[in-house]
Amino acid sequence: MTRPKILIGMTGSVAVYKVVSLVQALKKIADIQIIETHSAAQLANPQKLKTILKVPVHTDLFEKVQPLSLNTASGTHPLLFIPHIEFAREAQLVLIVPATANFMAKLAWGLADDLLSTACLYTRAPIWVAPSMNTNMWMNPAVIQNRTLLLKRGVHFLGPQKGHLACGDWGDGRLEDPVHIAEQARNFLESKQRWKNISVLITAGPTREPLDPVRFITNRSSGKMGWALAEAAQNKGAQVCLVSGPVALPPLPNVKIISVETARAMHQAVFKYQKKSDLIILSAAVADYRPSFYHTQKMKKNKSSKTLSLTPNPDILSDVLKRRSSHQLIVGFSAETQQLQKNARLKWNHKPCDMLIANQVGSTSHPGFDSDENEVWIFSKQAPQPVHFLKQSKTQLAIGILDWIEKTYRLSAWKKKESL
Ligand code: CTP
């Protein structure tokens, strides 16, 4: 079995020396490479680090550049291949330990002016940040804002802890204990191994039900929740198929995306992939009705009022439940504008999926749809009371939901595969 790869980024905080014990612990479970920023290299000599830890330590973007060439019909073109950047592409995890306020800012604003910041933009792996700095810096509004931005994008923070700081102050800003960082990284890699053979099918976004060539009925769903779930499942190591209605979201690497427009097209796509799926999450806001007649030409206005006749669409979740295999875990969503818990329970009675995730939509305080944040209640037979997930970014929420599924359902129970 190939060993996982972890890229460790060290930035210029006095806590750099603590990375030694972290690398020693992680070397047992993964191949490690280190990138030091120039400030970190002032504090921990890269050559010495290499000798002590026996892992590659890089500092420069253009160190050992291998010139290659690409032969095409139009001739030979020179290529730059930077091997130590390639490690960022292959890594399962990028750990920034310790992370300074300066590096957090670079990460938040997408700078790529040195090897480590370039690698962070280049990688597809989750990025974890363990900050280390003086309390006043940690509490500075600029740092708080950068942290919030990074959290929204799904960057995971480890610490900092409260305690005595190198400058003599006491407060927040102390690097998370390397033992805890190593433990969390180990859990993450083990979880990735468990999810490796899991196929996840997710629906997301609204559907569009055409009335004529230029008009349609739709709803306010942005698809952000379903896409965040797809990204989180992919990051966990699962094979993900995302059936999405029309959304304006950037593509997700390594996720099979099937774009559909209508509820009927979504219904068909879901059935095509249902059989091979282990976890099915139906988060789409499917239009319950479509116009009964499709006008092949643009409908012309006249003075009389018009009545729109609507025909019910298939209920994808109900049909998925009818065709389910015993190993499949099926998760539905419930979007409610009022009496959330009561209505969600009623819906759950009609559509008895394994888990129902209820969220309030349509109010200013709980927009749900078309928002970057969400607050949900999970109904599950596994928990006597609905489990409340506080308002947070959809990216964080998606990770939380999948963690909860993993903890609650023991994947091995619904997926009997040797590797689990
Ligand atoms: N759903 C579906 N097919 C539909 C309608 C809904 O698969 N035609 C799924 C949604 O993806 C979600 C769950 O059913 O997982 C509940 O959807 P929701 O829109 O909250 O409720 P409805 O069942 O449509 O009921 P109502 O609109 O009356 O609240």
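Which residue has a polar backbone atom 3.0 Å from a nitrogen atom of the ligand? In this predicted model, Pro 314 places a polar backbone atom at that distance from a ligand nitrogen. A polar backbone atom of Ile 316 is likewise 3.0 Å from a nitrogen atom of the ligand, and a polar backbone atom of Ala 335 lies 2.9 Å from a ligand oxygen. The table sets out these contacts.

| Ligand atom | Protein partner | Distance |
|---|---|---|
| Nitrogen | Pro 314, polar backbone atom | 3.0 Å |
| Nitrogen | Ile 316, polar backbone atom | 3.0 Å |
| Oxygen | Ala 335, polar backbone atom | 2.9 Å |

On its own, the ligand has 570 Å² of accessible area, and the protein covers 78% of it.

**The shell around the ligand**

The ligand is surrounded by 14 residues. Leu 282, Ala 284, Leu 317, Lys 347 and Lys 351 are the closest of them. Sorted by class, this shell comprises eight nonpolar residues, four charged residues and two polar residues. Two elements, helix H12 (316–322) and strand S19 (329–336), each contribute at least two residues to the shell. Strand S19 is the greatest contributor, with four residues.

**The pocket**

The site of the ligand is the second largest pocket of the model. This pocket holds about 920 Å³ of space, and its lining consists of 43 residues. Nearest the centre of the pocket are Ala 284, Ala 285, Val 286, Ala 335 and Phe 369. Ala 284 thus appears both among the residues closest to the ligand and among those nearest the pocket centre. Ala 335, whose backbone provides the contact to the ligand oxygen, is also one of the residues nearest the centre.

Several elements give two or more residues to the lining: strand S11 (199–204), helix H10 (224–236), strand S18 (310–312), H12 and S19. As in the shell around the ligand, S19 gives the most to the pocket lining, again with four residues. By class, the lining divides into 18 nonpolar, 16 polar and nine charged residues.

**Backbone geometry**

Most residues other than glycine have a negative phi, and most peptide bonds are trans. The following sites depart from that pattern.

Val 97 and Pro 98 are joined by a cis peptide bond with an omega of about -10°. Pro 98 belongs to strand S6, which spans residues 93–99. Another cis peptide bond links Gly 159 to Pro 160, with omega at about 5°. Pro 160 is located in the loop between strand S8 (156–157) and strand S9 (161–164).

Lys 54 is not a glycine, yet its phi is positive, at about 55°. Lys 54 occupies the loop between helix H3 (46–53) and strand S3 (57–58).

Key. Residues are numbered from 1 along each chain as its sequence is written. This is a predicted model: local features need pLDDT of at least 70, side-chain atom pairs count only at pLDDT 80 or more; totals for chains, interfaces and linings use all residues. Side-chain values use heavy atoms; hydrogens and water are left out. A residue is near a molecule or strand if one of its heavy atoms lies within 4 Å of it. A polar contact is a pair of N or O atoms within 3.5 Å; within protein, one must be able to donate a hydrogen and the other to accept it, and residues adjacent in sequence count only if both atoms are side-chain atoms. Accessible areas come from the Shrake-Rupley method with a 1.4 Å probe; for residues, only the protein chains shown count as cover. On a 1 Å grid over the protein atoms alone, a cavity is a set of points where a 1.4 Å probe fits but cannot get out, and a pocket is an open set with protein on both sides within 12 Å along at least five of seven lines; lining residues have an atom within 4 Å of a point. A molecule sits in a cavity or pocket if more than half of its atoms lie within 2 Å of its grid points. Ala, Val, Leu, Ile, Met, Phe, Trp, Tyr, Cys and Pro count as nonpolar, Asp, Glu, Lys and Arg as charged, and the others, Gly among them, as polar. Grid points are joined across faces, edges and corners, and a volume is the space filled by probe spheres set on the points.
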